[in-house]
Amino acid sequence: MADMIYYSIKVLATAGLIVLVGEIIKRGHLFGGALLASLPLTSLLIMVWLYLETGDPLRVAALSTGIFWMILPSLVLFLLLPVLIKAGWGFWLGLPTAVLATILCYGVMLVILKQFGVKI
């Protein structure tokens, strides 16, 4: 029973955060919403949940390092999507194109990291 309560708290806290940011942006507070969305809140939550569940700070450190390296290729999405939309691609064509480009960059990053002996 305690596991189910803990799991429910995790789900509600995480989902609540995402809904809150979405509502702030919907109400026209783009700067505040963008600021909140750009914060590594999801990563922080995941690190807290991981530490609470495992008590292993080394696993949290490894996760943090992995997140750092994977943030770099994810920036492609945020740079490419507005370029495609402004170029007339529209949202529904621009979004999957930017996502595919981002996935490609993730693959390239993993190959590069492997060449330097970095394991994620």
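In which hand does α1 pass α2 in their crossing? I shall begin there, and I should say at once that we are looking at a predicted model. The crossing in which α1 passes α2 is left-handed.

Let me describe that pair more fully. Helix α2 covers residues 30-38, and α1 packs with it at an angle of about 155°, the two axes lying 7 Å apart. An angle over 145 degrees counts as roughly antiparallel, and α1 and α2 are therefore roughly antiparallel to each other. On the α1 side, the residues that meet α2 are Val21, Ile24 and Ile25. On the α2 side they are Leu30, Gly32, Gly33, Ala34, Leu36 and Ala37. By class, this contact of α1 with α2 divides into 7 nonpolar and 2 polar residues, with no charged ones.

I turn now to the partnership of α1 with α3. The axes of these helices come within 10 Å and cross at roughly 170°. That makes α1 roughly antiparallel to α3. From α1, the contact draws on Tyr6, Lys10, Ala13, Thr14 and Leu17. From α3, it draws on Leu41, Leu45, Trp49, Leu52 and Glu53. What classes of residue does the contact of α1 with α3 have? There are 7 nonpolar residues, 1 polar and 2 charged.

Lys10 deserves a closer look within this contact. Its place is in helix α1, and at 17% relative accessibility Lys10 counts as buried. The cut-off for that term is under 20% relative accessible area. Which residues does Lys10 touch, once its neighbours within four places in sequence are left aside? They are Trp49 and Glu53, and both of these belong to the α3 side of the contact just described.

Trp49 also brings us to the aromatic pairs, of which the structure holds 3. In one of them, the ring centres of Tyr6 and Trp49 are 6.0 Å apart and the planes stand at 90°, so the pair is edge-to-face. Tyr6 lies in helix α1, residues 2-26, while Trp49 lies in helix α3, residues 41-54, so the pair ties together parts that are 43 residues apart in sequence. Are the two partners buried or exposed? Tyr6 is partly exposed, with a relative accessible area of 27%, whereas Trp49 is buried, at 14%.

Another aromatic pair is formed by Phe68 and Trp69, and this one too is edge-to-face, with 4.9 Å from centre to centre and 75° between the planes. Phe68 is partly exposed, with a relative accessible area of 47%. Trp69 is likewise partly exposed, with a value of 27%.

Next, the packing of α4 with α5. Helix α4 runs over residues 57-86, and it packs with α5 at an angle of about 155°, the axes being 8 Å apart. That makes α4 roughly antiparallel to α5. The crossing of α4 and α5 is right-handed, whereas that of α1 and α2 is left-handed. As for composition, the residues of the contact of α4 with α5 divide into 20 nonpolar and 4 polar, with no charged ones.

Several individual residues may be placed against this background. Gly107 is found in helix α5, residues 91-115, and is partly exposed at a relative accessible area of 33%. How far from Pro73 is the C-alpha atom of Gly107? The two C-alpha atoms are separated by 8.9 Å, although the residues are 34 apart along the chain.

Leu72, in helix α4, offers a further example. Its C-alpha atom is separated by 8.3 Å from that of Met109, a residue 37 places away along the chain. Leu72 is partly exposed, with a relative accessible area of 37%.

Finally, Ala61 also lies in helix α4. With a relative accessible area of 39%, Ala61 is partly exposed. The C-alpha atoms of Ala61 and Met47 are separated by 8.8 Å, with their positions 14 residues apart along the chain.

To close, let me return to α1. This helix is roughly antiparallel to α2 and roughly antiparallel to α3. Its contact with α2 includes no charged residues, while its contact with α3 has 2.

Technical notes:
Residues numbered from 1 in each chain as written. Predicted model: local features only at pLDDT ≥ 70, side-chain atom pairs only at ≥ 80, totals over all residues. Heavy atoms only, no water. Phe/Tyr/Trp six-rings, centres within 6.5 Å; stacked < 30°, edge-to-face > 60°. Helix = DSSP H or I, 4+ residues; strand = E, 2+ residues; numbered from the N terminus. Buried < 20%, exposed > 50% of the residue type's maximum accessible area, 1.4 Å probe, protein only. Axes fitted to C-alpha atoms, helices over the stretch in contact; angles between N-to-C directions. Parallel < 35°, antiparallel > 145°, perpendicular 65-115°, else oblique. Left-handed = near helix turned anticlockwise from the far one by under 90°. Nonpolar A, V, L, I, M, F, W, Y, C, P; charged D, E, K, R; others polar. Contact = heavy atoms within 4.5 Å.
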